[in-house]
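Visitor: I like to know how each label on a model is earned. Could you walk me through a few of them?

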Amino acid sequence: MSKELVIEVQNSTPLLVGWYDPLKQDVVGLRPTEIKGLWRWWARAFIAGALYDLGLLSGEEGIDVVLRPTKDSTTTISYFVGKILGLGYVGMMGESEASRFTLYVEGSVKPTLLHDRLQRIRLLTIKRRVEGVDVGQKFKIIVRRRVSKYSEAEDLAIKILVLALQLSGIGKGSRRGLGSLDILSEPFSTTKNIKSLIKDVYDGCREVVERYRGYVRTSSRSKELECPNFPPLPLISKGSIYGVNISQILRVKNVGFEALHNFFIRSERCRVLYGSHIRSDEIRNHLVAWFLGLPRQQRGTGYMDKISRRASPIILSYHSSKNFFGDGGLITTLVSGDWPRKLLWRGTSSKYINIDCRAIVNAFNIVSNEYNQYLRKLNGVVEVIWP
């Protein structure tokens with residue numbers, strides 16, 4: 001990459017980033033801090049996946065969670081993302097380092113009141129109106145490399161940014177596809193094939209980890225884990241556990257964004273699957289809706305736990321035909337052990353749900369089967385693009 005890269009983007013789904021008032025739209029539109037956060041999240045997922053597949057990532061059982069990464073593993077991931085890839089590092093004994101990249105956004109927006117056909121917007125607009133950015137607003141994301149230490153790793157970081165802009169959206173409801181961005185210009189050193197780009201980024205992360213594996217910190221376990229090889233955090237891996245892929249990315253065509261987005265609300269899901277919005281599906285019958293993300297409760301019913309939030313492991317983005325990498329929905333599912341050990345479900349009765357690694361895999365299978373059936377009902381064309 002040269003010292004400056006300009007990525008032209010356009011939102012392909014409604015964008016909500018909020019402002020001083022969460023129901024108001026920031027006229028800036030895209031905040032650099034939001035993009036940087038997305039960039040770091042996916043960099044961690046790919047670096048953690050490379051460490052995991054090389055047998056260099058350790059987990060430990062938590063008091064309230066099934067699994068979490070050890071302190072040494074967390075430090076290692078942070079070091080690779082911050083010091084090697086160059087995205088900024090906060091360490092001890094003078095090791096801290098500012099990001100070697102600066103990121104700016106050009107473009108402003110005219111706020112508009114959004115309709116409530118989409119699930120996430122519907123939740124925000126209960127007896128209220130929320131401002132956002134309608135489809136079609138263009139922005140320029142400008143990335144500048146201030147200094148260089150590990151040029152190949154820094155080039156890899158730019159590819160991760162491009163991929164992050166494809167796999168998830170920006171702002172509120174981003175895991176449900178809101179704020180998805182089409183890339184209009186040809187990005188740095190990439191193929192037009194999204195499947196090839198994912199493989200390129202994964203292979204690059206493995207090469208970086210193997211080259212600098214002297215920085216990997218290993219942990220000694222005090223006891224054997226109940227599920228020793230289960231990933232302790234969301235990551236992009238080639239591996240499988242208990243018969244399921246640890247990470248999976250699908251491309252879906254022939255299904256509109258509204259239908260993909262509204263799968264995550266039971267009434268809409270059951271309307272497509274069974275022709276009735278009041279029917280119960282397998283996700284409800286087996287009480288595994290917690291796998292769609294926590295909190296998941298309303299009016300004193302649903303799934304309760306001590307942890308205030310656990311983001312959904314299913315990430316949806318959606319792109320139009322203007323996108324450099326092509327159109328369609330991208331659905332990423334990440335299986336990991338960072339779930340609460342126990343939940344209380346309240347409905348017509350109450351029940352405690354105990355969660356372990358096998359329960360997580362079972363929930364994944366039920367939700368995945370239901371989503372695949374849902375897509376078939378909508379005549380969706382599904383392609384597995386990872387692993």
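Visitor: Why is F257 called buried?

Guide: In this predicted model, F257 has a relative accessible area of 10%. Buried means under 20%, so F257 with its 10% earns the word.

Visitor: Which residues does F257 touch, leaving out those up to four places away in sequence?

Guide: Happy to list them: T13, P14, L118, R176, G177, L178, L316 and Y318. Each contact has heavy atoms within 4.5 Å. F257 itself belongs to helix α6, residues 257–261.

Visitor: What makes α6 a helix?

Guide: A helix needs a DSSP run of at least four residues, and α6 covers residues 257–261, so it qualifies.

Visitor: How do you know that β4 and β7 are paired?

Guide: Pairing takes at least two bridges found by DSSP. β4 and β7 (residues 138–145) have 6 bridges, so they count as a pair, in the antiparallel sense. One bridge joins V105 to I141 in β7.

Visitor: What is the strand order of the open sheet?

Guide: The 4 strands run β4-β7-β1-β8, with antiparallel pairing. What makes β4 (101–106) and β8 (181–183) edge strands is that each pairs on one side only. On average, neighbouring strands are turned by 30° against each other, direction ignored.

Visitor: Which strands do helices α1 and α4 meet?

Guide: Helix α1 (residues 32–53) packs on the sheet and touches β4 and β7, its direction making about 130° with that of β4. Helix α4 (residues 151–167) lies across β1 (4–11), β4, β7 and β8, at about 165° to β7.

Methods
Residues numbered from 1 in each chain as written. Predicted model: local features only at pLDDT ≥ 70, side-chain atom pairs only at ≥ 80, totals over all residues. Heavy atoms only, no water. Helix = DSSP H or I, 4+ residues; strand = E, 2+ residues; numbered from the N terminus. Buried < 20%, exposed > 50% of the residue type's maximum accessible area, 1.4 Å probe, protein only. Axes fitted to C-alpha atoms, helices over the stretch in contact; angles between N-to-C directions.
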